[in-house]
Amino acid sequence: MNRRPRRAAHVFVSTLAAGALLTTAGCSEDGNSGGSSEAVSSPSAELSASPLVKESPAASTAAALTTEQAQTALLTNTDLGSEWTQSKAAESWRATMVKGKTNLAECQKLLDALVSGELLGDPSGSRAVTGFADSDNDAQMRYEVAAYDHAALDKSFDWLKSVPVTCDQFTATDTPVGTQTVQVVETSLPSAGDDRQGLQMTATGALEGTPFTLTMDIAAVRVGDNAISLTNGGLGGADSDSTSQAVQLGAQRLTDVLAGKTPAEQPPGQQD
């Protein structure tokens, strides 16, 4: 996938993100109660090729997906393109840029889900998580594969489908970068999996008098009682082509893994 580099915005994006990250870093260190945590880092943080893999107590409806399968179903750099590299920054970036408060319960649920990473609620079975950084626009992508309780997953998708109506526009306060005006709209995704929902969230504000706009693609795809969830974006924008590519190829990888097949090392159209 070829894209025109957007280098002109890099200096502003890096400066703005660095200021927000420094603000959050102090709060994170002071509030750490002793559990393990990842240091808050900038989008240009040191890259890591090791995805985070976690396994929750398996429920009967989700037992088919094993930890090994979930890890195998994760996307790789090859799936996304040369501008993407694996990165740990996606984990800490969420808390830096989307943490906030609102008096609208459903919208607070969205902000909290984006910070925790559990867009579809707590998995009932195995899960695997990885992150990527986009060198073209300093965006971060968090990508998760997990198994869920059937009824809980139904409710989560129903909720996601309602968000563009209930949270079409709201104000978020107490964020690391000040008060933000947040808008959420529905987006289209490739026909993949058994069900899917795409959203795009924009948050506008100002940091030390400098206006900014955070843009984030949000996507979820269901494959049986398993699902893929991802966020992709940053202060330099969100490339929706990458979101669509992640959804389409990711759903195929998960489907292949569940069927006992080995995913192709390179997606169609990218082989040498």
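This is a short tour of a predicted model, with a selection to make at each stop.

**Confidence**

Start by colouring the chain by pLDDT. The average is 79, and 72% of the residues score at least 70. Select helix H6, residues 150-166, where confidence is highest in the chain at a mean of 97. Then select helix H1, residues 10-31, where confidence is lowest, at a mean of 43. Residues 1-15 have a pLDDT below 50, and this stretch has 30 contacts in the model beyond near neighbours in sequence. Residues 18-63 also stay under 50. For residues 18-63 the model has 71 contacts beyond four places in sequence.

**Strands E6, E7 and E8**

Next, select strand E6 (residues 180-187) and strand E7 (residues 195-207). E6 and E7 run antiparallel and are joined by seven bridges. Within this pair, look for Val-185, which stands opposite Gln-200 in E7.

Add strand E8, residues 210-223. E7 and E8 are antiparallel too, with 13 bridges between them. Here Arg-196 stands opposite Val-221 in E8. Move to the turn: E7 and E8 form a hairpin with two residues between them. Glu-208 lies in this turn and has a positive phi of about 55°.

**Asp-256**

Finish in helix H7, residues 240-258, and select Asp-256. Which side chain of opposite charge is nearest to Asp-256? That is Lys-261, 4.7 Å away; Asp-256 is buried and has no salt bridge. Show Gln-252 as well, since its side chain and that of Asp-256 are joined by a polar contact of 2.8 Å. Leaving aside residues up to four places away in sequence, Asp-256 touches Lys-261 and Pro-263.

Terms used
Residues numbered from 1 in each chain as written. Predicted model: local features only at pLDDT ≥ 70, side-chain atom pairs only at ≥ 80, totals over all residues. Heavy atoms only, no water. Helix = DSSP H or I, 4+ residues; strand = E, 2+ residues; numbered from the N terminus. Buried < 20%, exposed > 50% of the residue type's maximum accessible area, 1.4 Å probe, protein only. Lys, Arg positive; Asp, Glu negative; His and termini not counted. Salt bridge = Lys/Arg side-chain N within 4 Å of Asp/Glu carboxyl O. Polar contact = N/O pair within 3.5 Å; in protein donor to acceptor, adjacent residues only side chain to side chain. Contact = heavy atoms within 4.5 Å. Pairing = 2+ DSSP bridges. pLDDT = per-residue confidence, 0-100.
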